[in-house]
Amino acid sequence: HNDTRADFWPLIASRDNVLNAGVDINGFQPVTFDELLENTCNLVKMSEQKMDDISWIIVDEVQDSDEKQLELIDCLKKPQTCFFAVGDPNQVIYSWRGSAFQLKTKYQATELTLPVNYRSSSEILAVARCFMQQGGTLQGGRESGDKIQIRNMYDPFQEADYLAGRIRDLHASGLPYREMAIFYRLQNQS
């Protein structure tokens, strides 16, 4: 709320605090995401009395949080702060860069599981079971879908050529373009 921002501004307005926060007062100094997290944590530590009114911290995709992100949570979280996190230990895809799915033990958290996946067909869940790291079961709430197809592409051009041909074939069989979509994970795939 506005009162917190107004109270917080004097902390970053002084020259020393601005320099400590990684800002070049003669212009802009770029910072990495890690530095942004560290600087935010430093500012919070400098103003602990100002952050006491945080009543909730909510984290989505917590399984992808790394040590620096968890450190920021620690900086913001006070004993009276309620904490809610959503994550899936079977989707820890960033462990190679230090993601840490350890909140259950770190905060003595209660774990609640959602036994039914309402978004995925049984075919997708059958494939997902092959990759599960934490065991357990997956139960679907949707009707069966089409069989999953896996294609190996050797470069982005081969992948684009395949997709263009598939779109052409689908359209020729009567499917309107407006009912087609391509989903991709990385911006450079666009």
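Leu-138 counts as partly exposed, because its relative accessibility is 24%, and this residue, in what is a predicted model, offers a convenient place to start reading the structure. Leu-138 sits in the loop that links helix H6 to strand S4, the latter covering residues 139-140. If residues up to four places away in sequence are set aside, Leu-138 touches Leu-125, Ala-128, Arg-129 and Met-132. One of these partners, Leu-125, is 13 residues away from Leu-138 along the sequence, while the C-alpha atoms of the two are 6.4 Å apart in space.

From this loop the reader can turn to helix H6 itself, which spans residues 122-131 and includes Phe-131. Is Phe-131 buried or exposed? Phe-131 is exposed, because its relative accessibility is 62%, and exposed means a value over 50%. Phe-131 also belongs to a nonpolar patch on the surface, which it forms with Ile-124, Val-127, Ile-148 and Ile-150, and the accessible area of these residues together is about 500 Å².

Another part of the chain to visit is the stretch that leads from strand S1 to helix H4. The loop between strand S1, residues 56-59, and H4 contains Glu-61, whose phi angle is near 55°, a positive value in a residue that is not glycine. Glu-61 counts as partly exposed, because its relative accessible area is 40%, a value that falls between the limits of 20% for buried and 50% for exposed residues.

Following the chain onward, one comes to Asp-66, which caps the N-terminal end of H4 through a side-chain oxygen that lies 3.2 Å from the backbone nitrogen of Lys-68. Within H4, which runs over residues 67-76, the buried residues are Gln-69, Leu-70, Leu-72, Ile-73 and Cys-75.

With these local views in mind, the protein can be considered as a whole. It has seven helices and four strands, and, read from the N terminus, the elements follow the order α-α-α-β-α-β-α-β-α-β-α. Of the 190 residues in the protein, 21% count as buried, and the protein exposes about 14,800 Å², of which carbon and sulfur atoms supply 54%. Among the contacts in the protein with a separation of 6 or more, 60% are accounted for by residues 24 or more positions apart.

Conventions. Residues are numbered from 1 along each chain as its sequence is written. This is a predicted model: local features need pLDDT of at least 70, side-chain atom pairs count only at pLDDT 80 or more; totals for chains, interfaces and linings use all residues. Side-chain values use heavy atoms; hydrogens and water are left out. Buried means under 20% relative accessible area, exposed over 50%, partly exposed in between (1.4 Å probe, protein chains only). Helices (H or I, at least four residues) and strands (E, at least two) are DSSP runs, numbered from the N terminus. A polar contact is a pair of N or O atoms within 3.5 Å; within protein, one must be able to donate a hydrogen and the other to accept it, and residues adjacent in sequence count only if both atoms are side-chain atoms. Contact means heavy atoms within 4.5 Å. Accessible areas come from the Shrake-Rupley method with a 1.4 Å probe; for residues, only the protein chains shown count as cover. Patches are made of residues with over 30% relative accessible area and no salt bridge: like charges are joined within 9 Å, nonpolar side chains (Val, Leu, Ile, Met, Phe, Trp, Tyr) within 5 Å. A salt bridge is a side-chain nitrogen of Lys or Arg within 4 Å of a carboxyl oxygen of Asp or Glu.
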